[in-house]
Structures are given as structure tokens and as C-alpha cells.
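Please examine the sequence and the three-dimensional structure shown below. The explanation that follows is intended to be read alongside them.

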Amino acid sequence: MPVKVAPDRVIRTVAGLRPYRPGGFVVRAEAMGPKRLVHNYGHGGSGITLSWGTSKLAVDMGIAGHSGPVAVIGAGIVGFSTARLVQEAGFPVTVYAKALPPDTTSNIAGGQFHPFGLFKQDVVTPEWRRQFTAALDYSWRRFQILVGDDYGVRWLTTYSEGTPEEPKLPTFPPAVRALRQGDHPFPVERLWQYDTLYVETGRYLRQMMRDIEGAGGRIAVRSFAAPAEIAALPETLIFNCTGLGARDLFDDQELIPIRGQLAILIPQPEVRYAFTGEAGYMFPRADGIVIGGTYERNKWEAEAEPKRIARIVAAHQQLFAGFRCPA
């Protein structure tokens, strides 16, 4: 079924800042006086995709030999994933954050499981690539057991313009095949399809908060202006999941924002596929059809621009106006 795209079908617009590092995400431990600090940030456009995986790496790195309560700084999807793994390992946890859902960058994400906008090929190290593969593998398996209405996670066939990409894991992406023009309705020359998972981020984060609090965790609203304030926390093991905030908090000048702008259309339950290509991307969710495709470097204003939103809508309107019946 084609998506009905028109300016009067836009129900809201949003913009978010992806925390991008050319050298990829950071999962690293260091001493903070007598305490242990483990970093877990810098996921670019892959925060949802890698959330469980990098959190698994970070928690395994931090809890060895630890006893007592644990602190997690940040209440986005990476912070919540870290907190849940800490709890599963048997430790009490407090999540400290200046903003809680629905006011986090994670709430704005489109929700596709697919690594994107994450690193620069000629900058990352072999060690980092091993971390990336391990994180992707764990996340891929973890999200599969969360499929269902509770977490808002579901499988969708995805159509991508161009030619099939190289597999990133033996099992991802699955069900890959190139399509001939007569096999699909899209007005593009080359198209391939695969299956992957999609997350309705608002529902997912609400459920993660319930899980954390239901397991005895505490969530506290608090901001930190300097590492010394974090070092003053009562917990002796601390996980830094502050995303873009790590640039100023821990002076990581490699970290920059990549702004993404989204228009959300009236939901269409009959649309049960996703698309990525020259027009941008379209992800159908219960809370609205997400269309986007911007990748704006060093834009610090998390605000949607009417002209850019109009271009996103026009590009998708043209795409779906060109739908044809398969032969």
C-alpha cells in the first residue's frame, strides 16, 4: 500500500542531534579517584541499534570485582539498557539524568535496527571494529526477544534503494534479495529488500522505565556540570551514558552533533513495510508514519525547520505518487 503523503497529513515535526564521532562509539573504563568510570556514548545514528550491545560491553567491563550500588548517567536508550543489564547482573542501580522520556534524543529516533552514521572508515581501529561486531551481535539477539506490543518492537520487510550491502553479521541483515523492477511498485531503478526490527521509541522507553523501577531501580532528575560532581556521587561504579553531553562533560572534542529532522504523518496501519533511498526514509509506526532523511553536521539547534520539513514531505510525496502496479 502506498503512503499517503501531503502537508496536511503531518501531525508533528521533530529534530534530534545524533552524537557522532569519526572514531566511533566509546566503551572504555578509567579510574575516577577511588571510583571506576565506564564510558558508553557516541553512537551516531545507531543508538537504538547498538544500545544493548555496547551496554553489554560496558557492564561486563565495569562489574568485574565490583560490589555495591551502581550509578548510570543518562536516561536515553543507552542509559536504560545499561541500567537493566546492571540489574540483571545483581546490582542495585540509580539512573541520574537531566531529562527523562519523552524529552530525550532517543524519543525522537526513527527506530530502525540498522547501523547508520556511526564512524569514519579510515579512522576506526581494528580493536574498535571487534567491539562493533560484538555489540551488533548482542543487540540483534536481544531485541529479537523483545518483539511484541509491550515494547513496541516488530519485524518489517524493508525496501532499500540501490544494491544489496555486505552482511554485517552472519544473520544480519536476513532475507536479503535484489529485486527486478517488475517485482515491486517503487519508481526506482535498483531496489533490494531485507527484514529487520523496528522500535516504537516512545512505547519502548516507557516500558524500560517500568522495568528498571519494577526491579527496584531508582531514577533521579539531576544534571552535572563537571566530572567532580559525578565523582561526588555515593556510588563507586559509574556509567557515563550522556551521549552528546559527553563533549563538554568529559572534553571529548571529537564528538559532534548530526541533526536529523522528521515529519510524522497520520498513522496508516495497512502500511507494513519500510523504505530507505534517495527520497529519505519511511518507517511506519503505531504512533505515526515517520519520514526523514536529513544528516546535518555540526547543527546544534534541535529544532525542525519548516523549509527542510517541506522538502522531506515533497520528496516522499513524489516517491509514492510514482507507485506502479507490479507486473
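The paragraphs below treat a strand, a helix and a loop residue in turn.

The model is a predicted one. A suitable starting point is strand β10, which comprises residues 237-240. Strand β3 (residues 35-41) runs parallel to β10 and is joined to it by four bridges; within this pairing, Val38 has Phe239 as its bridge partner. Strand β4 (residues 70-73) is likewise parallel to β10 and connected to it through four bridges, with Val70 standing opposite Leu237. In a regular strand, side chains alternate between the two faces of the sheet. In β10, Leu237 and Phe239 lie on one side and Ile238 and Asn240 on the other, and all four are buried, so both faces of the strand are covered.

Helix α4 spans residues 126-144. Its 19 residues, at 1.5 Å a residue, should span 27 Å, and the C-alpha atoms at its ends are 28 Å apart, which agrees with that expectation. Buried residues of α4 include Trp128, Phe132, Leu136, Trp140 and Phe143, and also the polar Gln131 and Arg142. Among the elements that cover the buried residues of α4 are the strands β2 (26-32), β6 (153-161) and β8 (191-199), together with the helices α1 (47-63), α2 (77-88) and α5 (201-214).

Thr104 is located in the loop between β5 (93-97) and α3 (105-108). Is Thr104 buried or exposed? Its relative accessible area is 9%, and because buried means under 20%, Thr104 counts as buried. Leaving aside residues up to four places away in sequence, Thr104 touches Ala75, Ala99 and Leu205. The side chain of Thr104 also makes a polar contact, at 2.7 Å, with the side chain of Asn107.

Notes:
Residues are numbered from 1 along each chain as its sequence is written. This is a predicted model: local features need pLDDT of at least 70, side-chain atom pairs count only at pLDDT 80 or more; totals for chains, interfaces and linings use all residues. Side-chain values use heavy atoms; hydrogens and water are left out. Helices (H or I, at least four residues) and strands (E, at least two) are DSSP runs, numbered from the N terminus. The expected span of a helix is 1.5 Å times one less than its number of residues. Buried means under 20% relative accessible area, exposed over 50%, partly exposed in between (1.4 Å probe, protein chains only). Contact means heavy atoms within 4.5 Å. A polar contact is a pair of N or O atoms within 3.5 Å; within protein, one must be able to donate a hydrogen and the other to accept it, and residues adjacent in sequence count only if both atoms are side-chain atoms. Two strands pair if DSSP finds at least two bridges between them.
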